[in-house]
Amino acid sequence: MYCPECGFQHSEGANFCEKCGAAIISEAPVTGGTTAAYAVSDFEAEGQPQEQFDEPLTGPALVVRSGGGRAGEHFAITADSVSIGRSPSAGIMLDDVTVSREHARILRKPDGLYIEDLQSLNGTYVNRRRIESHHLGEGDELQIGKFKLTFLAR
């Protein structure tokens with residue numbers, strides 16, 4: 001179970017974050033439409049993926065931790081380039097005015113995955129630092145507009 005504000009990992013049953021004091025609300029998996037969505041706590045138990053889904057996540061993914069009522073939704077990163085933005089044509093569409101139409105993109109390079117800001121108005125943040133380009137690592141916290149996402153390398 002992760003804090004929705006700072007991402008600190010807690011044991012099941014915690015009501016408040018030990019690090020920042022935010023209320024921790026246990027979320028049930030969200031489903032609907034054509035995109036499957038799961039709570040972040042469903043993906044990991046002591047750092048190991050659980051095999052309880054019809055289609056378990058394999059490979060790198062971004063998980064929405066908060067923002068836009070989409071907490072728990074995940075996006076598998078399978079292509080060499082994935083666009084992120086408010087545009088309906090974006091590979092990862094985050095529909096909110098705080099997100100630029102073409103906000104950022106994830107690129108696969110020989111040494112791993114990178115996120116690059118595309119000169120967005122509000123910037124792209126990784127681990128609370130504004131970036132232009134950043135090599136993604138397990139557990140990195142991304143903030144794009146009002147959305148907070150966690151990168152899972154798998």
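**Exercise 1.** Is Phe151 buried or exposed, and what is its relative accessibility?

*Solution.* Keep in mind that this is a predicted model. Start by placing the residue: Phe151 lies in strand E11, which covers residues 147-152. Next, take its relative accessibility, which is 3%. The cut-off for buried is under 20%, so Phe151 counts as buried.

**Exercise 2.** Find which residues surround Phe151, leaving aside neighbours within four places in sequence.

*Solution.* Begin with the contacts: among them are Pro60, Ala61 and Leu62, then Leu113, and then a group including Leu136, Gly137, Glu138, Gly139 and Asp140. Now pick out Glu138 and look at the backbone: its C-alpha atom is 5.9 Å from that of Phe151, although the two residues are 13 apart along the chain.

**Exercise 3.** Work out the strand order of the five-stranded open sheet and say which strands stand at its edges.

*Solution.* Reading across, the order is E4-E3-E5-E6-E9, with mixed pairing. The edges belong to E4 (92-93) and E9 (133-135); each has a single partner strand, so one side of each lacks a neighbour in the sheet. Now step inside: E5 (residues 104-109) and E6 (residues 112-117) pair in the antiparallel sense, over six bridges. Along this pair, Ile106 sits opposite Ile115 of E6.

**Exercise 4.** Describe the largest nonpolar core and say which strands supply it.

*Solution.* First, the size: this core has 21 residues, and Leu62, Ile84, Ile106 and Ile115 have the most contacts inside it. Then, the sources: E1 (61-66), E3 (81-85), E5, E6, E10 (141-144) and E11 each supply at least two residues. Finally, E11 gives the largest share, three residues.

How values were computed. Residues are numbered from 1 along each chain as its sequence is written. This is a predicted model: local features need pLDDT of at least 70, side-chain atom pairs count only at pLDDT 80 or more; totals for chains, interfaces and linings use all residues. Side-chain values use heavy atoms; hydrogens and water are left out. Two strands pair if DSSP finds at least two bridges between them. Helices (H or I, at least four residues) and strands (E, at least two) are DSSP runs, numbered from the N terminus. Buried means under 20% relative accessible area, exposed over 50%, partly exposed in between (1.4 Å probe, protein chains only). Contact means heavy atoms within 4.5 Å. A nonpolar core is a set of buried Ala, Val, Leu, Ile, Met, Phe, Trp, Tyr and Cys residues joined through side-chain atoms within 4.5 Å.
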